[in-house]
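Subject: A structure for you to explore

Hi there,

I am handing over a structure that I think you will enjoy looking through. Have it open while you read, and take your time with each part.

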Amino acid sequence: MEVSRRTLARALVVVFVVNLVVMSAGAFFAYQQSPDRPGQFVGPDGDPVVTEEGITEGKAAFQRNGFMNQGSILGNGAYFDADYTADALDRMTEHMRAYVARERYDTAYAELDNAQRAVVDDAVERQIEDGGFGETVELTAAEAYAFEQVRADYVERYHEGSREHGIPANFVESEDDAERFADFALWTAWFASVDRPGGEISYTNEWPYNPAAGNTAPASSMIWSVVAMIVLVAGAGIGIWLYRALELPEPESGGIDVPPPEEITMYPSQFAAARFIPVAALLFLAQVLLGGLMAHYYIERGGFYGIADALGVNLLYLIPFSITKAWHIDLAVLWITTLWIGIGLFLPALFTGQEPDGQKTLINVLLGALFVVVVGGFAGIWLGSHGYIDGELWWILGNEGLEYLEIGRLWQVGLLLGFALWTGIVWRGFRPLLERESRYGLAHLILYAGGSIGLLFTASMLYTPTTSMVMTEFWRWWVVHMWVEGVFEFFIVAVIGLALVSMNLLSRASAEKAVMVEALLVMGSGIIGVSHHYWWIGLPEYWVPIGSVFSTLEFIPLVFILFEATNEYRTYATAGEEFPHKLPFMFIVASGVWNFVGAGVLGFFINLPLVNYYEHGTFLTVAHAHAAMLGAFGFLALGMATYMLRFTTEPGEWDPTNLKRAFWLWNVGLAWMVLIGDIPVGFLQLETVFTQGYDAGRSLAFYNQEIVQALFWARLPGDLLLVAGTGVFCYDVLKKRFVKREQVADVAGGTPISRRIFGADDGDEELPDD
């Protein structure tokens, strides 16, 4: 089946617009249908217990103190501490039982017989379910008592500190802030358990699982899990059929004349772009070292192998888990993005055989801006969470305190401006190619993807600390999911297409068609697919079917990627020794496999609504995140880094040995960490949630079980292999910086690659549709 590039381009535009229209409509209705904070909660005597101002201040305390990287809210965040929604609901239920037991039987709940407990349990469940919403919410005496007790619990743990939980003293600076944080957590527990006005389920679709509070899995989770499995089988078949029917070209190395890298003219801007590689390598090393520290915090919550105590260092205060997690996750995004920025700046001169005046200077400015944002943002996280930035500046200069978006708003604006500058630099470099190719050529596709990255990142500007948590999460997932799983994947497939053309493995026309097909499938499912994050955060139940279907459809492009990985492995295996780009192919193949495992297999499993209801916020999500992040983005970025190094290293000094060692250390380490550590812990957690309730699965008692602790120790070799691989990579990258090729000041006339693109292969005229 032949499909023209023009048809694919039009379809891609339509899909992108339809996705934005659907999600924009979703935003409009989300504002209308999410829970409004009440003016006040009052006790039986009419006195205020919690106010709207207190809830708002509590959300600010939650963000300012980095609680989303200590524990989680509505299931989203870190898993070291409790989920505060589930924790507040569980504590509220326990304290209400204690109150009702004393009120009715004048004895402790634990001393009641089974019949008496059943009476108390039924009374508590009915009181919770009969709660209401409005400007003023009236609490029962038991509820008012429970609210006060939860406040006291939070002051004790989060202000006074709890070493056994890994929480330093004065984690929350004042008792008042700790009480306001409790008010915020209680508010999320309230709308998670009380039925929507006029409905029969809560705002969070009965999540978290807590039968004592009346929260059990809704029927929709079962129905749409079955539908999702049907869609999976159909989608996989459609994916395979499309892959065969569209007659997409496969890369082929046999008989192709690939110009040796040493024959390709290098320009100053390309050597400037290569400077992003050692920067990314150092960021990567810092990230995996922090990951090792985080993993050990689950074993020894108050230190690090006893070293901190021996040295008299208060590690919990200097780098508590919340800061470690914030830095770790931000570094993961930063080192991968840094490499993609570098390859985007490297390719234009490779394809055009020239560079505009001042290109090197602009690239150096961008690198300097990256340095300022990284240092400023990371320092702000530490200073803000330790209370050194007062007033409104805490979330502007300090830590905004939301997972993946921890850095202050000023630094986020800096990142947005950096994307704009990057797009402008790439446009300048590709300008000769842009003038010759059609509007859906490879260079155009890269710019469209780059512009879309900046466009969707603006969603991070649509909320403040006073915005409700439900709407904050709505917009945060626009950035986290759409940015990464939508337009960023679009950018990646465009870059890979360019790389295959530059390796002389695909013609430009064939690559353009392949890129647009994959981008069409990725964006067609990935953008609306964000809705599977909306099931339990306080949005309507209709997101369950939407999220189920579209998150399952995300499997189709992964089928494409797996088939491509197979074909690319065939290309790698049949390429002769003279083929200079075998190493990047190793990374491309590994990316396809891990993407299928992490985003495909694990992603599909945990995104079944019924599974996700119990699994949400467990180590199965950790396994999915590690495999998908490194698989979908990390290995591809590392492969493109080796591609750049092959060109910029002195030919006689090129030695891929250390890079191959790093490759295998990373792959074995990732497999060990995911298969031996994360997945077994995740299934044990899933069983605990299902049998004892969600809060039990996130409790310290669960993590302190001997088998769980043994699995954390068993994961350690995988962590060490990842650290070792990154260390070898850093060493080799820095070593190659000292044996780089001689650069030229100004060379005209083109390179073998640019002549092939503009001359011998395609001519000087714009390519036809097919």
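Below is what was found in it, starting with the salt bridges and ending with a sheet.

Please keep in mind that this is a predicted model.

**Salt bridges**

The count comes to 18 salt bridges. Let me walk you through a few of them.

Start with Arg91, which forms a salt bridge with Asp87. Their closest N and O atoms are 2.9 Å apart. How are these two placed along the chain? Both sit in helix H3 (residues 84–105), four residues apart, so about one helical turn separates Arg91 and Asp87. Arg91 has a relative accessible area of 17%, and because buried means under 20%, Arg91 is buried. Asp87 is buried as well, at 5% relative accessibility.

Next, look at helix H6 (residues 175–193), where Asp176 and Arg180 are again four residues apart, which means about one helical turn between them. The closest N and O atoms of this salt bridge are 2.6 Å apart. Are the two partners buried or exposed? Asp176 counts as partly exposed, at 41% relative accessibility, whereas Arg180 is buried, with a relative accessible area of 11%.

The third pair is Arg715 and Asp678, whose side chains meet in a salt bridge at 2.7 Å, N to O. This pair links distant parts of the chain: Arg715 belongs to helix H27 (residues 706–737) and Asp678 to helix H24 (residues 657–692), with their positions 37 residues apart. Arg715 is buried, with a relative accessible area of 8%, and Asp678 is buried too, at 0%.

Some salt bridges share partners, and in this way Glu148, Arg151, Asp176, Glu179, Arg180 and Asp183 are joined into one network. You have already met Asp176 and Arg180 as a pair.

**A sheet and a helix**

Now find the open sheet of three strands, in the order S2-S1-S5, with mixed pairing. Which strands lie at its edges? They are strand S2 (48–51) and strand S5 (136–138), each of which pairs on one side only. On average, neighbouring strands of this sheet are turned by 25 degrees against each other, direction ignored.

Strand S1 (residues 40–42) pairs with S5 in the parallel sense, over three bridges. To see one partnership, pick Gln40: its bridge partner in S5 is Thr136.

Finally, helix H2 (residues 52–64) packs on the sheet and touches S1 and S2. The direction of helix H2 makes about 45 degrees with that of S2.

Happy exploring!

Technical notes. Residues are numbered from 1 along each chain as its sequence is written. This is a predicted model: local features need pLDDT of at least 70, side-chain atom pairs count only at pLDDT 80 or more; totals for chains, interfaces and linings use all residues. Side-chain values use heavy atoms; hydrogens and water are left out. A salt bridge is a side-chain nitrogen of Lys or Arg within 4 Å of a carboxyl oxygen of Asp or Glu. Helices (H or I, at least four residues) and strands (E, at least two) are DSSP runs, numbered from the N terminus. Buried means under 20% relative accessible area, exposed over 50%, partly exposed in between (1.4 Å probe, protein chains only). Two strands pair if DSSP finds at least two bridges between them. Axes are lines fitted to C-alpha atoms, for helices over the stretch in contact, and angles run from 0 to 180 degrees between N-to-C directions. Contact means heavy atoms within 4.5 Å.
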